[in-house]
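Me: Pick one part of this model and take me through it closely, please. Keep it informal, and follow the trail from that part to whatever else you can tell me.

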Amino acid sequence: MQRLTITIDDDLLADVDDFMAQRGYANRSEAFRDLLRGGLERAGSEGTESRNCIATLSYVYDHAARELPKRLTQEAHDHSGLAQATLHVHIDHESCLEVTVLKGKSTEVKAFADHVIAERGVRHGHVVMMPIEAVQSHSHSHDHSHDHDHGHAHGGKGSRKQGA
């Protein structure tokens, strides 16, 4: 691990300290590491285009929009290798929320998420992608009699914060 020295103005430091307090960070180093990771991911500088990732795709849609639920279901079936699980919530008489867990190459996950979010009748959508290491031969058995592979999230110690 490298040690860096940075200079920031007092107002920005106050914003960082507020961010830390709201999220329960124990120290500035952890906060800065997570802020840098998030900024790099948003900027596309991390080079994760061909890496494996795990993601959540959340979207609110009009369930009465013409054939939209059918198209969304078909899209998930067409990409069953990406879509791992979906949570469906009825918000009101017009709106539903779906949260889909996706796993695969980040380019494929992003393309799928962008396609779903762009569907006519989808009102709001957001995807959060996290890089994982592909583990080819690591599988284990659970008491409920199935084997499966696991990916491991990057981020190391302290990447899970209080309230997350």
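**Strand β1 and its neighbours**

Reply: Let's start with β1 and β3, which run antiparallel and are joined by 11 bridges. Strands pair when DSSP finds at least two bridges between them. The elements themselves are DSSP runs numbered from the N terminus: helices are H or I with at least four residues, strands are E with at least two. Keep in mind that this is a predicted model: local features need pLDDT of at least 70 and side-chain atom pairs count only at pLDDT 80 or more, while totals for chains, interfaces and linings use all residues. Residues are numbered from 1 along each chain as its sequence is written, and side-chain values use heavy atoms, with hydrogens and water left out.

You can put names on the β1 to β3 pairing. Tyr 61 has Cys 96 as its bridge partner in β3, and Thr 56 stands opposite Val 101 in β3. β1 also pairs with strand β4 (residues 122-133), again in the antiparallel sense, over 9 bridges. There, Ser 58 stands opposite His 126 in β4.

Now turn to β3 and ask who else it works with. Strand β2 (residues 83-90) pairs with strand β3 (residues 95-105) over 7 bridges, in the antiparallel sense. These two make a hairpin, with 4 residues between them. Going along it, Val 89 has Leu 97 as its bridge partner in β3, and His 88 stands opposite Glu 98 in β3.

Thr 86 is a nice spot to zoom in on, and it sits in strand β2. What does Thr 86 touch once residues up to four places away in sequence are left aside? Its contacts are Glu 98, Val 99 and Thr 100, where contact means heavy atoms within 4.5 Å. With Thr 100 there is also a side-chain to side-chain polar contact of 3.2 Å. A polar contact is a pair of N or O atoms within 3.5 Å; within protein, one must be able to donate a hydrogen and the other to accept it, and residues adjacent in sequence count only if both atoms are side-chain atoms. Thr 86 counts as partly exposed because its relative accessible area is 44%. The scale is simple: buried is under 20% relative accessible area, exposed is over 50%, and partly exposed is in between, using a 1.4 Å probe and protein chains only. The trail also leads back to β1's part of the chain: the C-alpha atoms of Thr 86 and Leu 57 are 9.2 Å apart, with their positions 29 residues apart along the chain.

Next, the loop between β1 (52-62) and α3 (68-78), which is where Glu 67 is placed. The backbone is worth a glance here: phi of Glu 67 is near 60°, a positive value in a residue other than glycine. Glu 67 has 45% relative accessibility, so it counts as partly exposed.

Further along, His 115 is in helix α4 (residues 106-118). With 38% relative accessibility, His 115 counts as partly exposed too. Its C-alpha atom is 9.8 Å from that of Leu 72, a residue 43 positions away along the chain.

For contrast, look at Asp 34 in helix α2. Buried or exposed, what does Asp 34 count as? It counts as buried, because its relative accessibility is 17%. Its side chain makes a polar contact of 2.8 Å with the side chain of Tyr 25.

Stepping back to the whole chain, there are 4 helices and 7 strands. The order from the N terminus on is α-α-β-α-β-β-α-β-β-β-β. Of the 164 residues, 23% count as buried. Among contacts with a separation of 6 or more, 60% are between residues 24 or more positions apart.
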